[in-house]
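Here's a walk through a single chain, from helix packing to backbone quirks. Keep the viewer open and follow along.

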Amino acid sequence: MKNLSLCVIFVTSLLLVGPGHADGNALPPGVRLALDSAQIPVEAIAVWARPVDRPAPTLAINAGAAMNPASVMKLVTAFAALERLGPAHTWTTRIAGDGPLRAGVLEGNLYLVGGADPVLGYDRLWKMLRRLRALGVERIAGDIVLDASALRLPPHDPDAFDGRGLRPYNSGPHGLLLHYNTLLLGLHPGKVANAPVTLAAEPPLAGLVIDNRILTSDAPCGTWYRDLQATLEPGRRLVLSGSLPAACGPRTWSAAPLPPAEFGSALVAALWSEVGGRLGGTVREGRLAASAEELFGDDSDPLADVVRDMNKWSSNVIARQLLATLGRVSLREDATEDMVAAGARAAAATLAAAGIDTDGLVIENGSGLSRNERIRADSLGALLLAVWQRPWMPEFIAALPVAGLDGTARRRLGDSPARGQAHIKTGTLNGVRAMAGYLLDRKGQRHVVVMMVNHPDAAASAAAQDALLEWLWSGGE
């Protein structure tokens with residue numbers, strides 16, 4: 001039914017206004033029909049579109065109004081990071097020791113020194129610890145010290161945004177971020193109602209007790225995670241409750257049960273034991289001792305790949321790490337400003353240096369998970385046009401979800417002829433729905449397109465946004 005409605009809107013728009021005859025100050029009729037159906041006034045939207053090789057926009061409606069872009073703000077973070085750091089930039093995590101190695105025993109402390117790597121997963125960490133074992137370290141007489149001092153950060157309250165502090169999207173940045181601060185929960189429902197749901201959790205976290213109370217239901221598989229709840233009780237006890245329909249089959253859920261420092265300590269302790277290592281002391285936070293000698297380091301994937309991970313699936317924690325990294329590289333050594341605030345300033349300055357109007361721009365954390373962040377549609381359009389002229393343009397565009405095919409846009413456009421022709425970043429919050437990116441029309445012309453909706457019924461504006469993409473695909477100008 002949804003696809004049929006979109007087709008009706010699309011055909012109606014072609015009947016009412018043919019391609020090539022658009023008024024830049026008037027919405028295409030198909031878009032207007034979809035907005036009217038959702039009861040969203042034109043005053044609540046901003047639209048900007050332009051072919052990449054034309055001097056003037058095809059559409060510019062409320063384009064100078066600063067609006068909340070939700071996760072579309074990640075385009076700003078990606079632009080600033082690629083512009084300042086370059087697509088080949090990597091982060092290095094180091095391992096060091098402050099004592100001699102005798103008969104398999106490191107007679108001192110071992111240091112895991114973070115470099116603000118956004119994508120240090122537990123598989124890479126396991127390999128680092130396994131390499132340490134291969135170098136002959138069987139037992140650490142002292143402690144394993146986790147040094148996260150690479151980032152100087154403001155206090156972070158994971159409950160502040162929406163009260164759901166155990167949701168991974170609320171995790172903050174960290175100088176030694178491990179596995180995105182996320183516990184993956186593989187859920188396998190039973191075959192009948194009220195049967196226990198089998199749980200497979202990874203990575204292992206030492207000291208975390210998981211109390212799985214999730215039951216199988218006979219409900220249809222709709223929004224399958226709606227009934228699932230996670231709470232953390234005293235003693236590091238993670239309680240999982242709710243139900244999962246048997247019709248859904250196996251699913252993967254996730255939680256952020258511990259703050260980043262505690263998560264890191266629990267993960268390192270578990271993995272060191274898994275690789276056969278023994279420990280005389282504890283795993284704790286601390287700083288690298290001046291007397292410690294580096295044993296080896298491990299580099300992250302390049303920034304181009306990290307941006308792809310961030311934008312394809314809209315990772316807030318990666319975006320927060322990138323903004324803090326921008327702050328880190330932009331500050332003098334004697335500066336005392338936190339690196340999130342410095343990163344926001346650096347990102348805005350990077351846009352301004354590229355000739356992008358930053359009037360109305362507000363960057364809080366770079367992820368879009370904010371009620372305060374703002375940007376204008378014409379500024380987003382100018383950013384995407386600037387990308388088109390950059391040597392790293394292919395990496396930037398390839399990082400965007402393809403509408404109807406992958407990432408967070410995989411369910412967009414359905415059976416539309418425009419399916420697969422748009423690379424777009426989408427964003428949603430309560431009262432916000434936005435998209436921005438590139439579309440290839442049926443004649444092979446590339447367009448920049450931006451649409452933001454700030455309205456209590458913004459969630460109902462997806463059809464209007466898809467209608468805009470279809471109209472552009474048809475060659476509308």
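What follows looks at helix packing, then salt bridges, then a few residues in loops.

## Helices side by side

Keep in mind throughout that this is a predicted model. Two packed helices are described by the angle between their axes and the distance between the axes. Take helix 2 (residues 29–38) and helix 11 (residues 462–473): their axes come within 8 Å and cross at roughly 175°. Anything over 145 degrees counts as roughly antiparallel, so helix 2 and helix 11 are roughly antiparallel to each other. On the helix 2 side you'll find Gly30, Val31, Ala34 and Leu35, and these meet Ala463, Ala464, Ala467 and Leu468 of helix 11. Sort the residues of this contact by class and you get seven nonpolar, one polar and no charged.

An α-helix has 3.6 residues a turn, so residues three or four places apart point the same way. That's handy to remember while you scroll through the contact lists.

## Helices that cross

How do helix 3 and helix 8 cross, and at roughly what angle? Helix 3 (residues 74–85) and helix 8 (residues 339–353) have axes that come within 9 Å and cross at roughly 75°. That makes helix 3 roughly perpendicular to helix 8. Helix 3 brings Val76, Phe79, Ala80, Glu83 and Arg84 to the contact, while helix 8 brings Ala346, Ala347, Thr350 and Leu351. By class, the contact of helix 3 with helix 8 has six nonpolar, one polar and two charged residues.

## Helix 5 on its own

Helix 5 is a nice one for a quick geometry check. With 15 residues at 1.5 Å a residue, helix 5 should span 21 Å, and its end C-alpha atoms are indeed 21 Å apart, which agrees. A good many names turn up as buried here: Ala261, Phe263, Gly264, Ser265, Ala266, Leu267, Val268, Ala270, Leu271 and Trp272. After helix 5 comes Gly276, with a positive phi near 90°.

Glu262 also sits in helix 5, and its side chain meets that of Arg236 in a salt bridge (3.5 Å, N to O). This pair links distant parts of the chain: Glu262 is in helix 5 (residues 260–274), Arg236 is in the loop between strand 14 (229–233) and strand 15 (237–241), and they are 26 residues apart. Glu262 is partly exposed, with a relative accessible area of 33%. Arg236 also counts as partly exposed, at 28% relative accessibility.

## More salt bridges

The count comes to 17 salt bridges. One of them joins the side chains of Arg124 and Asp298 (2.8 Å, N to O). Arg124 lies in helix 4 (residues 122–134) and Asp298 in strand 20, so the pair ties together parts that are 174 residues apart in sequence. Arg124 counts as buried at 16% relative accessibility, whereas Asp298 is partly exposed with a relative accessible area of 22%.

Glu337 and Arg345 form a salt bridge too, with their closest N and O atoms 2.6 Å apart. Glu337 is partly exposed, at a relative accessible area of 26%, and Arg345 is partly exposed at 48%. Elsewhere, salt bridges that share partners join Asp357, Asp359, Arg376 and Asp378 into one network.

## A serine in a loop

Is Ser300 buried or exposed? Buried means under 20% relative accessible area, and Ser300 counts as buried because its value is 6%. Its place is in the loop between strand 20 (293–299) and helix 6 (303–312). Leaving aside neighbours within four places in sequence, Ser300 is in contact with Thr90, Trp91, Asp117, Val119 and Arg124.

## Backbone quirks

Which peptide bond is cis, with omega near 0°? Look at the one from Glu202 to Pro203. Pro203 sits in the loop between strand 11 (198–202) and strand 12 (209–212).

Two residues other than glycine are worth a look for their positive phi. Asn62 has phi near 55° and belongs to the loop between strand 2 (59–61) and strand 3 (66–67). Asn62 is partly exposed, with a relative accessible area of 33%. His179 has phi near 50° and is found in the loop between strand 9 (144–147) and strand 10 (183–188). At 11% relative accessibility, His179 counts as buried.

Methods: Residues are numbered from 1 along each chain as its sequence is written. This is a predicted model: local features need pLDDT of at least 70, side-chain atom pairs count only at pLDDT 80 or more; totals for chains, interfaces and linings use all residues. Side-chain values use heavy atoms; hydrogens and water are left out. Helices (H or I, at least four residues) and strands (E, at least two) are DSSP runs, numbered from the N terminus. Buried means under 20% relative accessible area, exposed over 50%, partly exposed in between (1.4 Å probe, protein chains only). Contact means heavy atoms within 4.5 Å. A salt bridge is a side-chain nitrogen of Lys or Arg within 4 Å of a carboxyl oxygen of Asp or Glu. Axes are lines fitted to C-alpha atoms, for helices over the stretch in contact, and angles run from 0 to 180 degrees between N-to-C directions. Angles under 35 degrees count as roughly parallel, over 145 as roughly antiparallel, 65 to 115 as roughly perpendicular and the rest as oblique. Ala, Val, Leu, Ile, Met, Phe, Trp, Tyr, Cys and Pro count as nonpolar, Asp, Glu, Lys and Arg as charged, and the others, Gly among them, as polar. The expected span of a helix is 1.5 Å times one less than its number of residues.
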